[in-house]
Structures are given as C-alpha cells and as structure tokens.
Amino acid sequence: MVNISTTRSHKSGFLPRLKKNFIQHRSLYLISIPIVLYFVVFKYIPMFGVVIAFQDYRPGLGILGSKFVGFKYFIDFLTSPNAIRTIRNTIVLNVYNLIFGYTSPIIFALLLNELRLQRYKKVVQTISYMPHFISLVVVCGILKDFTSSYGIFNDLAEFFGYERQNMLSNVDLYRALYVGSGVWKDLGWGSILYLATLSSADPNLYEAATIDGAGRWKQLIHITIPTIMPIATLQLIMKVGSIMSIGAEKTILLYTPLVYEKADIISSFVYRRGLQEMNFSFGAAVGLFNSVINLCLLVAANWSARQMTGESMW
Amino acid sequence: MIERRTVSNRIFDAFNVILLFLIGLICLYPMVHVLFGSFSHPKELLNHTGPLLRPMGFITRGYEIVFANPNIWVSYGNTIFYVVVGTAARMFMTLLGAYVLAQDSFMLRKPMMIIFVFTMYFSGGLIPDFLLVSKLGMLNTRAAIIIPNLIATWNMIILRTAFRQVPASLGESARLDGAGDLTVLFRILVPTTKATIAVIIMYYAVGEWNSWFPAAIYLPGRRDLHPLQLILREILISHSASGNVINQSLEFVDQDAVEGLIEDVVRYCTICIATVPILCVYPFVQKHFVRGVMMGSLKE
Amino acid sequence: MKYPVEEGGKVTMWIPLSSVVAKYYKSLAENATVKQYVKDSGIDVEFVHPPSGQEEENFNLLVVSDSLPDILVDCNKYYAGGVDAAVADGVFADLTDLVPEYAPDYNYFLENNDLFRKLATSIDGKIYNIYNYKDVQAPYYHRPQYRGDWLKEWGMREPRTFDECEAYFQKVLEEKSGVAPYLLAANGLEGHFLGAFEIGGQTNGGLFFVKQGKIHHTFNEPRLKDYLELMNKWYEKGYISPDFTTVESKEEEIAKGRAAAAVCNTDGLFTLAAEMGIEVVTGPYPRINEGDPFHFDIFYFPQNGNPNAIAAKSENKELALMFLNYGFTHHGSGVVNFGETGVTWEMGDDGIPKFTDFALNNPDIPMSDAEYILRLHTCWAKYRYGDDISMIRNVANPETWEYRARWGVGDDPTCDNAYALPTLSFTAEEAAEVGRLTNDIYTYAEEMVLKFITGAESLDKFDEFAENIQNLGMPRLLELYQNAYDKFLAK
C-alpha cells in the first residue's frame, strides 16, 4: 500500500513507469509469468473456499447449496468457555518456542562454526539432524516412557532429591517438556540453514580481522553474526507471524485432561470438537480467525524489522 | 588461518567439544532406540524398562515381515520418483521466482512478494484444493503430487535473501559482457549460493520424502501410487495406543482385535527402512558448506 | 432370492482396509473369501480403500467431487450432521422401498426382531443403512482383571467389593515393590466401578444412562462425589499408579509385572500373560456390599454396528443391495463369517459351520492375522455368528474364550443392563448442539475429575463443580438426549 502511494507522488504516473520498466526488463517479466500463474491457479483460485467459514457447510450440498450463517461459528468459538484459555496457551507455547526453539539452532550453529576439528564437526552435525526424521508418534512414545514415574528422567530427578512423579501429568512441567522436546527434535535440522549461510562469509574478512588482532569474540560479533543476520531476521519474522498456530498432533499425543490448564491449545480444542461432531465450518472459522491475527502480526514484525535492522521480507 | 592459541581460547574449545558431544549423544538416542528396537526380541523388548542401550536379543524376523509386505516395495519406487522429479521441478521454479524477487530493478517485486506471502496465511482449505485438482484432471495421477505444490514460498524467500547477499557488482559486470538474465542466474548466482541451494534442495527432497498428506488426498483410488510414508503412517497408527488417538477409524478396526507382540518390532523396522536412506542425503549437502565459494567465482 | 443372481454385474465399495490385511494384500479383492463371495453371489465387487487415518477426509472429498462408490461402509460418522442429514442432502439413498424386494433376507430380521428394527431404522422408521445383525450376546471383552498367581499366593479370591479390592491393593503395595496396584481408566472414570454408585458409566465407557425412562449423566449425579472420594483415597494411599493418565497399554503394563490390576481387554491380556508366563484372572464388577444390584451391564444389541449406506447417485442400488443381502443368507453368511468353503470351514451336521484344521493350525499365518486373512473379521454388513464359534482364536484356544466369558451373563446374578442406553440418533441441528455442549462440558469435567482424584483440587469444591456443569449447559444436553430417547421408544 505504502508502495503505491509513494509511486503516485513521483513525477511520472505509475503506469507509464511500469511500461518503461517492462520494456527495459522484458525478460524479468517473462520469467515471472510461470511463477505468477502458479500462484494464481493453485493458491488464489481455491481461496473462494474460505466462505465455508461463514456457512453451515455440508459436503453433500456444496458451497453453493449450503446455508450462510454469517459469523455464527466465530462467535461459537469465541464465546466458548475454553476460548480464552486455548488462545492463551497457544500464544504462550509459541512465545516459549520463539525464545528457545528459535534461538537454539542459531547458538548451535555458532558453536559448530567455532569447532576446529572438521571431521568431528561433520559427525556432530549429521547426528544432530537425525531426530527430525523420527516420527512424532515414536518421539512422543519415548518421551512418555522417559517421563513416567519409573522413567529415566525420574531416576535423574530422584538422584537430585526430587520425588518420583508422572512428569507429563504435572501441570508445571508440561510446557517445559513440550518445548524442550521440540528443541531437541529440531535443533540440528534448524541449524543447517545457518551453517550454509555461514559458509558464504568472506574468508578474507576473517584473515584481515586476525591480522588486526581481533579475537574470536570480536570476529563473532563483527563478521559471523552479520552474515547470518538477514536469514535470522527472516526466520524471526516468520515465527512471530505464526504465533496463533500450532499443529494439534503433538499435543494430542502428549496431553491429558489433568494438564488442560496449560496444554489445551486452539487446534486440540478444535480436534476434540471434531470428534464429537463432524463440522467443516467450525474448523474453517477458527482457522480463518488465526490466519487474520497471524497476518497482522507478520505485517507488524516485518515493519519493525525493517525499522531496526533494514532487513525485511518485503 | 592464523590463530592465537591463548588459554581462554583453549578452555573454550575444550568446553565446546564436550558440549557438542553431549548434544550429539542426546540427538543420537531416538535413532538408536528405533534401530535397536528393530532387532530386539519382542518379549524382551516388552519386559525392558528405561533407555534402550543395546538390542534386546537379536532377531531379523521384523525385517522379514516388512519386506514380505507387497505395499512396501511399490511405495519405495513411488517415493523415489516423487523425490527426484518433484525436487527438480520445484527447485527450477524456486530459482526463477527467487531471481525475479531479488532484482531491485523489477518494479513489481514488492507487490508480487506481498501476493506470495499472503498465500502462506490464507488458503481455501482442503475441499477447494481437491476440487481444483480434480477439475484439472490430475486426480489419481502422479502429477497431483508434484504440480499443486510446485513452490514453497518460504524456500523462495530464503533463496531470494541469499541472492541479495551476493554483491551486485558480480551480476552487473556479467551483464556488461552481454549476459542475459538466465545466464546471470545460472552462471553467477547459482554457483555463489551453492550452499543455500543445496540446503533448499535438501528441504524439498526431505519434505517430499516425508510427505504423505497430498497422496492421501489426491490419490484416493490408487494405492499403487502411494509413497512410502503413507504406508509407514498406516503401519504406525494401526493398533498402537498413541496411534489410536489419531486414528479415528478405531471403531472399524474391531476393538477386540489382539495383535502379536511382534508388531512393535515391525513398526521399528518400518521406520528404519523408511528413514535410513534419506539420512544419507545430508553429507552430500554438507559438502557444499565450504568457505570461499564466493571468492572463487569472483576471481574467475 | 436365488444366488448366484442371474443378471450379475459389478458394484463398487468404499471400505477401510484393516491394517492387518494391508500387510498381505493391496486390496481386499485378493482375499480368497471375497473371491468366493463374488463367485457364489454372482456379483463382482471393486474396492476403494481410503488411506487409514484419513477416512474422514477421503470420504468427504468423494462426496464433494460426486464420485462416491455404490456401497459405503461405516461412513455415517464422517458426514456432518449424521446419517439423516446425509440422506436429506442427497448423499445416501433412502433404501426403505428397495430393501423388501432386493434384500429380503436382511428384511426378514427387520420384520422379526423388534429391537433390531428400532435400532436399525431412522426415527420415522426409514431404512438408511444395512447393519450387522448378531443375535447372540457375546460377553463383553473388557473386565476387571487381577494377578491370579498373587491372589493364590495370598489366599485371596478375585475381589467382589471395593473393600476386597483395597485389601488386594494393600497386599501388592506391601509385598511387591515397584508394582502399581491398580491402573485406573485414563480419564478417571472407570465404567465398571461407577455402576456400583448408580451413577452410570455403561461398561463400554458411555456416561449417559436411563433410569425409569429418564436420561441421566454421570457428571450430573450427586453421588459422583462418593466415587471421587474413593478414588482420591486410593490415589493418596498409592493404590492407583501415578502414570494412569499416560499409560499406552494397560495389558502390557500388567503383563510385564508393573501393575497388578486394571479394567482392560480380556483376550489381549490373556494372550500376553500366557506369553510372559504369568497368571491373570477376571473379576465381577466390584460393589460397595457384595451382591448389590448393578444395572449397567453391556447392552445387548442385535444391531451390531457397521452401518452400510448406498450412494444416492449410485446407478446400481438394486445390485448393491443384492450383494449385501447375500451376507444374510444361510450360505453367504457362512462364507462371510468363516471363509472359503471346504478350505477353512465345513458345514457341521447340526447346520453350524466348523473350522477346518487348515484354519485352526495354519503354520504360515499367525493367529492374530488369521482372523483377517483366512476369513473376513471386518468387512461389509453381514449376519454375524457368535464370536465363540466364528473367531479362529476362540475355537483354537477355547480357554481364551472361557476367560472372557467368566463373570459374564449368569455368573453374576444381581447384574443386569436395566439402565443401559441404546445408541440414539439426532437431527443435523441437534447433532451440532450436542457436539458443542459435549465438548464444553467434557473439557471442563474431565479436567476436574482428574484433579479431584489426584488431589490437585479439593473435593470441598464438588458443589462448585456441580454448579458449573449446570451452567455449561448440562440441562439442555439432557433435554436433547431425552427427546431422542422418547422418539426411540415411540418408534
């Protein structure tokens, strides 16, 4: 939007400038045709489907035949006694995830980058990305076993003088276990992009810095971190822009009613509703509600990032 | 590189080596657990408590059962097809998209970016996607797995960011020599961002390897086109207690069914077979994480 | 109706593929039993198998794209608003006029078993589904189970009262270190125990019940407090495993000697126990005083689930009905229950099919898989024989069956199912309201129940709980169920 209003204030109009730009860079426009076509056909055409959030959608009647109910399902969700709690839990878990899940791959990549033993570095890298590939059902099974009252986590806790308990049923530990297992699963996987980016740093810069007598800490601050800054900023913007969404699968595998207070999130709530009664519209309405908030946050994050670092998504 | 070997440097290095060793150990565990589980004797496995630090007994019966499953081999071939063709097609489109979006001189850069990002948040959902694919005649064909997901917007943005980190002077000098856009893209940008491209290829390949949802949706009548992960998922969620949480068809699978103890082992075997090949991709990607690629092309 | 039918043809069928079958075949069509069914009925069948775990999406997308096969097995629950809505929306066909002519053998059961008719037709008496028909009541396969060898060791009998349970649990706690005496149901509401307090909990886990024509719900009963007090006491004393909410398989926990009692699957635990070399026994529903009446035994359903519908747009409705009807004929039901004639079974002199040695001692196929490979344990609607004679494992190992049948009908004279509730049907709007209310009430109540039991919340707050349940819409939920039940009775 900003973009259009500033172009209007220029001497020549938008269209003549576009025409000139087109003539000058014809091949760029040509290249963008298949890309735009893809987005229009496969992303924008199906978007008419959002109307089912405002309908009492019944597959047998189709979108054209189903009854419009306006904001019924949005109100249904927001007035539910569980709405506030699930929204709060979703946001809190995502904020934790932002603090730990976002930073840990960066720190891990930086630590790996400082490693001089090249072969060792490669082995650690390769091992660390393995948990990403193990199915969630199995990972959660392992976690349940470890946190049960006879599990290895309790052996450790007992050694440090704590009493044995079922840790997943402890409402105060649930979030730590949820976020912690996520960090563990995606630490190595998430660091790959940073490692790739670090390899593009100019070795001459490091050489020059060493000659100037800059220590490792200074090199880290002045060369290494600026190299990964654009990608790190981008990742941060994305994470902020998905603060309202977490998939239900992991929660469903880990939670029990005993920890609903901190564990029940929007998607698991919608899932349970789906078990009671098949309803496309309710899910679509909640999804749309989340997307709107996410998009607003994304726009805000993008704007602040541009102000602060000069990096942004658009 | 010349380094001053100060004491604090050495302490840090030692600390770093140990810390990363511990992290590696923790990360190794789930894979080891599955691997050991797959060779364990089912009865001893059931009786075992705590972390699996060695196979409980040693049998290969689980693998024999998995390999006797006719669905496994067919789906293996399908997965390889989807990974190879899908990754190539996606990478090509992503390169084009990232290139245009990285050009300052391209006036529609910003509006296009906004249009693309918007689709990461709003989609019509399952039903219109399905209707579209079915109207385009792609239902129950391999094309349905590849074409509707041709570009992952997020990967395109990452690549664009990498392109923008390449000094503009490189492209400009090539253009002065009369190079066109495609030449600049493939001769200058691709070699200089090799590491990031390798990562994105891996993202696509791994994503495709692990993907099962599009196949479940777009190939309803063609089990012979299903990828490995869909078969794996069916095996994982069948009968196991945690699987049943996800599997709503529980009522159909008679509740009084009793499964053999061996099924737990079979599940581990299936995971190993479905995971080990893709784990081998990373070393090839890693090879490109070498400093100084950019310098090499500068000197050319 | 004569089979094989003169003018045959081919029908298509949507049916989930059991995970066991998927290990052997790519399609149910490869099963020898299916091949014989096709040959003998004269009607060919082509299967559409949804990926397991994605049945709901798959079914709805076929609806949306107008490409439903002719026969739809067990899909009622996947359609928004249920079966009545599916017929109203033109997805399922109304079969009322077609059944008498094209499915006469199925119709025979509808006409001759009043309860079956009530359970298998819509509120206004229409036929929308073909259901399994089963006229023998199988003992329920979930029971309270204990360690038989330990009971013997301590000279105890299987507990019949809560006091006896406590004595057994106490003994476990004292004598067997590292063993949790009892694994409570994961949601804290043990269906088999609730009945002793007359607060519902059908043994299959449903919380609605009917008392003198009036619908009740466990969460709405004042005596729920007594039950929770008992469970809380057990939890405090260490009788209940701290892991009861997260345990994946109670049968495995008992089999590996980590727990000493649970209400769980009889066949599963018995088989496991034999393999692990331990002894287990079943017990009756425990009461407060021995021999107290118990009215919540499992309801006897001649309608044995598995609703099959026929697509409204199908051009093969008659043929599809004829195909399904074959499973209700004398010979057809033999095939669909017992497998390939002459290979896995032979007709006995008494007119009851008998498995052959090939089925009972097959070296190539494990017993747990044989049920699905040598015969069709799960398939489309059929006349279902009793599990004691039609399941290979029960015939091959009669002791498994005896284990399951112990404490069933007859062994516990003061036990009946007077308060048990049949499955009720709702209109689309009602279903939506029931869904919303149930979700809100259960989310709150299940959390509170577990908190009361584990002591995270004091039982002094029970009155507050009862009040909140009211505010969350319990009266309305009961009203909806009452209406549906009254309509069911009036049929």
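Start with the salt bridges between domain 1 of chain C and domain 2 of chain C: the count is zero. This is a predicted model, so keep that in mind at each stop, since local features here need pLDDT of at least 70.

**Stop 1: the two domains of chain C**

Select residues 9-136 and 302-390 of chain C; the domain assignment calls these domain 1. Give another colour to 141-296 and 407-491, which make up domain 2. Each domain is assigned as two stretches of chain C. The C-alpha centres of the two domains lie 33 Å apart. Eight residues from domain 1 of chain C and nine residues from domain 2 of chain C take part in the contact.

**Stop 2: where the domains meet**

Turn to the surface between them. About 860 Å² is buried between domain 1 and domain 2 of chain C. Carbon and sulfur atoms give 63% of that area. Which residues of domain 1 lose the most area to domain 2? Select C:G81, C:K118 and C:I123. Together they account for 63% of what the domain 1 side buries.

Look for polar contacts across this boundary next. With both residues at pLDDT 80 or more, the count of residue pairs is zero. Now show helix α7 of chain C, residues 114-120. Helix α7 gives three residues, the largest share of the domain 1 side that touches domain 2. Colour that side by residue class: three are nonpolar, three polar and two charged.

**Stop 3: chain B against chain C**

Bring chain B into view. How many residues does each chain put into the contact? Chain B supplies 45 and chain C supplies 51. The area buried between chain B and chain C is about 4,000 Å². Carbon and sulfur atoms give 57% of it.

Check the pairings here too. Between chain B and chain C there are zero salt bridges. Polar contacts do turn up: four residue pairs, both partners at pLDDT 80 or more.

**Stop 4: the helices of chain B**

Stay on the side of chain B that touches chain C. Select these helices of chain B, each of which supplies at least two residues to that side:

- α2 (42-47) and α4 (70-102)
- α6 (126-135) and α12 (213-218)
- α13 (228-237), α14 (241-246) and α15 (262-279)

Which helix gives the largest share? Zoom in on α6(B), with five residues. Finish by colouring the whole chain B side by class. You should find 20 nonpolar, 15 polar and 10 charged residues.

Note on methods. Residues are numbered from 1 along each chain as its sequence is written. Chains are lettered from A and ligands numbered from 1 in the order in which they are written. This is a predicted model: local features need pLDDT of at least 70, side-chain atom pairs count only at pLDDT 80 or more; totals for chains, interfaces and linings use all residues. Side-chain values use heavy atoms; hydrogens and water are left out. Domain bounds come from an automatic or database domain assignment. Contact means heavy atoms within 4.5 Å. Buried area is the accessible area (1.4 Å probe) that two parts lose on being put together, summed over both. A salt bridge is a side-chain nitrogen of Lys or Arg within 4 Å of a carboxyl oxygen of Asp or Glu. A polar contact is a pair of N or O atoms within 3.5 Å; within protein, one must be able to donate a hydrogen and the other to accept it, and residues adjacent in sequence count only if both atoms are side-chain atoms. Helices (H or I, at least four residues) and strands (E, at least two) are DSSP runs, numbered from the N terminus. Ala, Val, Leu, Ile, Met, Phe, Trp, Tyr, Cys and Pro count as nonpolar, Asp, Glu, Lys and Arg as charged, and the others, Gly among them, as polar.
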